[in-house]
Amino acid sequence: MKQISDVFSSTYQPISYEMFPPKGDLTLEQAREVVAGLAPCQPDFISVTYSAGGSGNSQATAQIAQMIQDEHGIPAVAHLTCINTTLHDIDGKIAEMRERGVRNVLALRGDRVPGAEATDFRYAKDLIPRLVDAGFCVGAAAYPEGHIECDDIRTSVEHLKEKQDAGASFFVTQLFFDNECFYRFRDLCDRAGITVPITCGIMPFMSKSQISRMVFMCGASLPSPVIKLLAKYEDSDEDLRRAGVEYACGQLVDLACHGAEGLHVYAMNKPEVARACTEAIRAELGTSMGR
């Protein structure tokens, strides 16, 4: 199966999606239905999230990634968090992914658990070399507005450089709603010597409650156009969802036109959202986008 680093060596801007098995509620058959809806869009890869801390979906990540590859021939990226895990735990996950033919991993720290003590891995940069040594193509997270636990964007960029130096061969950004934040971030990355591809993660907003969660969880800022849309459609959930997808499409097209190295849609297990975003990009920039 193709390594993700090879995807970025192509001449076009790769388009990819994220899907998730939420809290263990997504069965393999339901995941199969989601992937069947995503596959006709011909994404360059699909990432599958992972949750530690007993949420129940961690066992499904490698299984779903295998299904994506075996049944659709699409490269899959399995997320793997390392906080509150031991070396033994990680080696077990490595063995499972190898057995299932998963070769691409997104290395993440994961959310802190209150009261939990650090184990063998404190940060994603500590996990990356272990995965690289095991033969995986490893990606990591990037934060265009800085990590929520870090007050200085330049320090966040320094941490990103440490991930690159540890062996990360691509980055996927946290969601953002203001492309100018990404362009400023990209300039800082260039100055810091970050040379691996950075693909832009965009999530269409579907509701006020969703966007509120994202702002507080991720620290993403809300530009004026988004605030105006929230006010304009506060009495119509359907219109707000439509406006959210249209806004995301506009972001993706603008990013593509400004030379983004990849476009990653947080599709929320909704194939129609992925399809709308992909069609907007390809209609604007031509059918050479994507595989």
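This passage describes aromatic pairing, one helix crossing and two asparagines with positive phi in a predicted model.

Aromatic contacts come first. Pairs of aromatic rings are described by the distance of the centres and the angle of the planes. The count comes to eight aromatic pairs. One of them joins Phe176 and Phe182. The centres of these two rings lie 5.7 Å apart, and the planes differ by 5°. The pair is classed as stacked because its interplanar angle of 5° falls under the limit of 30 degrees. Both partners are buried. Phe176 has a relative accessible area of 1%. Phe182 likewise has a relative accessible area of 1%. Each value is under the 20% limit for burial, so Phe176 and Phe182 both count as buried. The two phenylalanines also belong to a wider group: Phe176, Phe182, Tyr183 and Phe185 make up one aromatic cluster.

Helix packing was examined for α4 and α5. Helix α4 spans residues 87-99, and helix α5 spans residues 124-133. Their axes come within 11 Å and cross at roughly 45°. The two helices are therefore oblique to each other. An angle of roughly 45° lies neither under 35 degrees nor in the range of 65 to 115, so the oblique class applies. The crossing of α4 and α5 is right-handed. On the α4 side, the contact is made by Leu87, Ile90, Asp91 and Ile94. On the α5 side, Leu127, Arg130 and Leu131 take part. By class, this contact has five nonpolar residues and two charged residues. It has no polar residues.

Backbone conformation was considered at two asparagines. Asn84 is not a glycine, yet its phi is positive, at about 60°. Asn84 lies in the loop between strand β3 (76-81) and helix α4. Its relative accessible area is 28%. That value lies between the limits of 20% and 50%, so Asn84 is partly exposed. Asn269 also has a positive phi of about 60° without being a glycine. Asn269 is placed in the loop between strand β8 (263-266) and helix α11 (271-285). Here the relative accessible area is 16%. Because this value is under 20%, Asn269 is classed as buried. Thus Asn84 is partly exposed, whereas Asn269 is buried.

Notes: Residues are numbered from 1 along each chain as its sequence is written. This is a predicted model: local features need pLDDT of at least 70, side-chain atom pairs count only at pLDDT 80 or more; totals for chains, interfaces and linings use all residues. Side-chain values use heavy atoms; hydrogens and water are left out. Rings of Phe, Tyr and Trp (its six-membered ring) pair if their centres lie within 6.5 Å; planes under 30 degrees apart count as stacked, over 60 as edge-to-face and the rest as tilted. Buried means under 20% relative accessible area, exposed over 50%, partly exposed in between (1.4 Å probe, protein chains only). Axes are lines fitted to C-alpha atoms, for helices over the stretch in contact, and angles run from 0 to 180 degrees between N-to-C directions. Helices (H or I, at least four residues) and strands (E, at least two) are DSSP runs, numbered from the N terminus. Angles under 35 degrees count as roughly parallel, over 145 as roughly antiparallel, 65 to 115 as roughly perpendicular and the rest as oblique. A crossing is left-handed if the near helix is turned anticlockwise from the far one by less than a right angle, and right-handed if clockwise. Contact means heavy atoms within 4.5 Å. Ala, Val, Leu, Ile, Met, Phe, Trp, Tyr, Cys and Pro count as nonpolar, Asp, Glu, Lys and Arg as charged, and the others, Gly among them, as polar.
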